[in-house]
Structure formats: structure tokens, C-alpha cells
Amino acid sequence: MGQSKAMAGVYIACAAAACAAAAVVLTQRVKVRSQKYTARKILVEFQEACETPLPRLRQVVDAMAVEMHAGLVSEGGSKLKMLPTFIDHLPDGNEKGLYYAVDLGGTNFRVLRTQLGGLEGRVIKQEYEEVAIPPELMLGTSEQLFDFIAKELVSFVAREGEDFRLHEGQSREIGFTFSFPCKQTAVNSGTLLQWTKGFKVNDAIGQDVVAALQGSIERRGYKMRIAALVNDTVGTLAGGRYWNNDVMIAVILGTGTNACYVERAESISKWGGELPKSGQMVINMEWGNFWSSHLPRTYVDELLDNESLNPGEYGFEKMISGMYLGDCVRRVLVRMAQQAGIFGPHVPHKLLEAFTLQTPDMSKMHHDDSSDLKMVAEVLKTVYGIHNTTLGIRKIVLAVCDIVCQRGARLAAAGIVGILKKIGRDGSTANGFIRRNDVNGIHDELTVNSIGGSGKTVVAMDGGLYEHYSKFRNYMQQAVRELLGDAAKNVFIELSKDGSGIGAAILAASHAEYVPT
Ligand code: ADP
Ligand code: MG
């Protein structure tokens, strides 16, 4: 009797414990479900805010063409600076001799030399070196930055092999690729307007960057001449045109983003000087600073912009380029961690730090096609120390990557089609004229179909984002096809890997002081 009472007590205790355990499990399940519900809600809201259906993309295309026009009409007429580059003739393959290039514009700095052999020999030999820019120099003084560049350049020159030959009487001439907005006053001089892409070397603003580099080289006892100051887009355009006459546009999708194209000089109403004989001028759009109310802006973009080094500026770049895509993803994850607790009761400390999720890591997660999303788990673990994510949460993370990538890629596509529209190569022209009321009434018929000839248009593309992030590339190409319809058959986007370096060297050749005979 005593024993059975005791047994009953044990049973009751066990049942109570089991009930309590079941209740804990149930509460946890409910909690997990409600976490997932909240996270999904955040996801869906973000997705809707980022949508870029075709009609919206077309509005972005039109806005780009309108802003291009406005930026060419007057200084400050648009957020698009539409900077004349003073490049009025592009290489044609006849260039000969030894030329150098220096390329500063993002995460890496490159020096390059090339021996050009004219139409027969083309690029006989080429060598380059790449050095990461010490982060402190990106925020230091102008002298430190240009001295560093000069030091790397002269040490590269000192290692010039015998295959590279200067003509008698020729000094080494350099194409200087400097991928920040500059107001040029000649092909080889220009003052820096502002920094972008995480650089902030304040005393360089307003300085002639060619004179600054030239000075640093001379202080090291070297005699070299900077023949051309070029933006990386312009270098890419020149590098593409060297091989193919149909190249009219160049686009960079790397750390930052930008585009340039060949414009009819007469269309540049703000141009005060004499019109170039060629009738053409390459325009550096600085399209990273493009803005339109049609762009799908979200809380993520607002936060990112407010906390950036250049708030209120380069809004387009902040939506589409490699420096920012990963951080857009991170900010959505922060919201999910804070409001839905998807990574546990505490938000991982590092997740709160800006730029900790880099675009190559986002891309790794996005390309994860394993059934259990191993790579997503791996990146969350190695970058943020987040363990034990459920498959459901990993799927949500993947979906965020997809939304951010797709939006960026489709907006980049709209930008390209906007340029095609401006130069009359988007298929919307009849007999070489843009239809009236097209582009909000702007029908710049002089620019239409009047430059170049084969009917094909090639866009030279460079940048690590486009090159390595294949889902981004595919989304972009798909959107270009959607926007152009039938006209897409005449438009070719060609990767011109590191074209900006060789392009700058070739531009140094076509703008050299010494012209070999
Ligand atoms: P930069 O623009 O600095 O001159 P790149 O054109 O090489 O240099 O582009 C580098 C940028 O490309 C990186 O900052 C990164 O944002 C992006 N990138 C590089 N590799 C990848 C990758 N595997 N996936 C996605 N983005 C990448
Ligand atoms: Mg680059």
C-alpha cells in the first residue's frame, strides 16, 4: 500500500514534468513560429518595397535619359554631372610604343605597362601589378596617398624588362586612371570634386590630381609624363574601342559603379569651348549619383545613406554596386534579428557593424544550391559566429540576398537602356529620330543614330561585381532583354576584364607628346 502510494506520487511527478517539458517545447515552437512569421513579414515587406516590374524599370530608363540631357545642358542641371572628359578621339589600333598606366579607383591599385605594335602587332606585351591600398591611406592626406602611388609606380618602372622599349627621345608616358569625379580642364588635368567608395582624403578635394601625382613622381627623381587623366569607365571604353569600333558605352560594376559613352559634341550645350574636330566627346556620367523618385528606396537605403561617408550622394551607386549590396542584406538581417530574434535572444554584436557582410560573401550565400544551404550556414558562422540556424532561417537569408541582388541588377540594366535611349540605340527610334514626346518630350534628334555605323552597339563592361557575381549578371542581362525587346539583338554587353588599365595606357599613346613615326 505504502509502496503503491509512493509509485503514484512518482507517476504524478513524472506526468507533471512531462507536461512542463511539453509546455516548454510548445512555447518554443510557438516562439519559433512567431519568429518565423515576423521574419517572413519583414521579408515580404522588403520584397514589395524593392520590386522592379517592367513599367517601373521603364520609368527609370526614361528618367536616366532625361537626367542625361539635363546634365549636358547646364552645369548643375542634374544630379548626373555628365562631365566632358576632353577625350575627343578614341584609339583605333594604330598606337605604337611603350606606355604605362596607373589605376586608382577602388579596393586595389594597379600599375601596368604595355608595348603596342600598331595594327599589325597590337598589344605585343603587357605586364601589371596589383597592390591593395592600405586602408589608412584612404582616410589620410593627399601627399601620403600620391606618394604611395608614386613609390609603387617607380618601383614597377625599375623592374622594366628588355622586351619593353622606348623610342629614342621618348619619355615614359602614363595614362592615369583615377575613378573619382573630377572636373577636367584638359585631357591631362582635372580637379577632384569629391570622394566616393569609402575614400575621404579631404585635402585632395579641389586639387589637380595630375599635378599631385606628377609632383610625387618628380620628388622621387623620375621623369615621366601623365598624358591622360581618365576615369575607369573612359579607360574601359578606350580599351574596348581599340579592338572594336562598335563600342559606344562603358559601364563599371565593381566596388562602385559608373558609365561613360560617346556623345555628339553639339549636344553638350554647357560646353563653352571650341567644338572638337571629331564632333564627338566622351562623357563621364558619374551615374552613381543618379537619382529619381522612381527608384525603389527602402528603410535600408535610408539607413545606409545616413551612415555613409557621403550622405545624400551617390544614391544609385548605393543600390547597385559591390561596396554596398552586402551591407543592404546585412541591414535587413539586423531588422530580422532585432524584431524577430532570428539569430537568438541577442543580436550578434558584429552583425550591427556596417560593411561586415561583404558582397562576395553575400554572393557565396546566394549561389548556394545545396539542399540544406550549407554555404549560408557557413558564411553566417564564419562572419558572425552564428551557429545552429534552422533551414527555414537560412532560406530567409537567401531570399534577402536574392531581393537585393535582383533589384541592383535590374536597376543597372535600366541605366544601360537609358543611355541607349539617349543615343538612339534602344530601338525606340524610327528613321533615326526619337519619337516626339518620347523621353518626356525631349527629342534630341541630333544625337540619334549619328555616331558609329554598323547598327550594333557594344557596351564594354568591367568590374568584379559583374564578372564574379553570376546571378547579378544574369538578372541584369535578362532585364536588358526585357526592356529592349527586339532591339536586344543589336546590343552586346561584353566583359572587358581590366580594360580600364590597358585602355588608359592606350589613351596615353593616343594623347602622347611624342608621336613615333
Ligand atoms: P574596383 O571596383 O575596386 O576597381 P573590381 O572591379 O575588381 O575592383 O571589383 C571589386 C568589387 O567587386 C569588390 O569590391 C566586390 O564588391 C565585387 N566582387 C568581387 N568578387 C565578387 C564576388 N565573387 N561576388 C560578388 N561580388 C564580388
Ligand atoms: Mg576598377
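Let's start with two helices that pack together in this predicted model: α10, which covers residues 359–366, and α11, which covers residues 374–384. Two packed helices are described by the angle between their axes and the distance between the axes. For α10 and α11, the angle is about 150° and the axes lie 8 Å apart. Angles over 145 degrees count as roughly antiparallel, so α10 is roughly antiparallel to α11. There's a handedness to the pair as well: α10 and α11 cross in a left-handed way.

Now zoom in on the place where the two helices touch. From α10 come Asp361, Lys364 and Met365, and they meet Met375, Val376, Val379 and Val383 of α11. Sort the residues of this contact by character and you get five nonpolar and two charged, with no polar ones.

Next, let's look for empty space inside the protein. The model has three cavities of 30 Å³ or more. The largest cavity has a volume of about 70 Å³.

What lines the largest cavity? You can find these residues in the structure: Leu83 and Thr85, then Phe178, Phe180, Cys182 and Gln184, then Leu229, Val230 and Asn231, and also Asn284. Two strands are worth picking out here: β6 (182–186) and β8 (224–230) each supply at least two residues of that lining. As for character, the lining of the largest cavity divides into six nonpolar residues and four polar ones, and no charged residue takes part.

Technical notes: Residues numbered from 1 in each chain as written. Chains lettered and ligands numbered in written order. Predicted model: local features only at pLDDT ≥ 70, side-chain atom pairs only at ≥ 80, totals over all residues. Heavy atoms only, no water. 1 Å grid on protein atoms, 1.4 Å probe; cavity = no way out; pocket = protein on both sides within 12 Å on 5 of 7 lines; lining within 4 Å. Points joined across faces, edges and corners; volume = space filled by probe spheres on them. Helix = DSSP H or I, 4+ residues; strand = E, 2+ residues; numbered from the N terminus. Nonpolar A, V, L, I, M, F, W, Y, C, P; charged D, E, K, R; others polar. Axes fitted to C-alpha atoms, helices over the stretch in contact; angles between N-to-C directions. Parallel < 35°, antiparallel > 145°, perpendicular 65-115°, else oblique. Left-handed = near helix turned anticlockwise from the far one by under 90°. Contact = heavy atoms within 4.5 Å.
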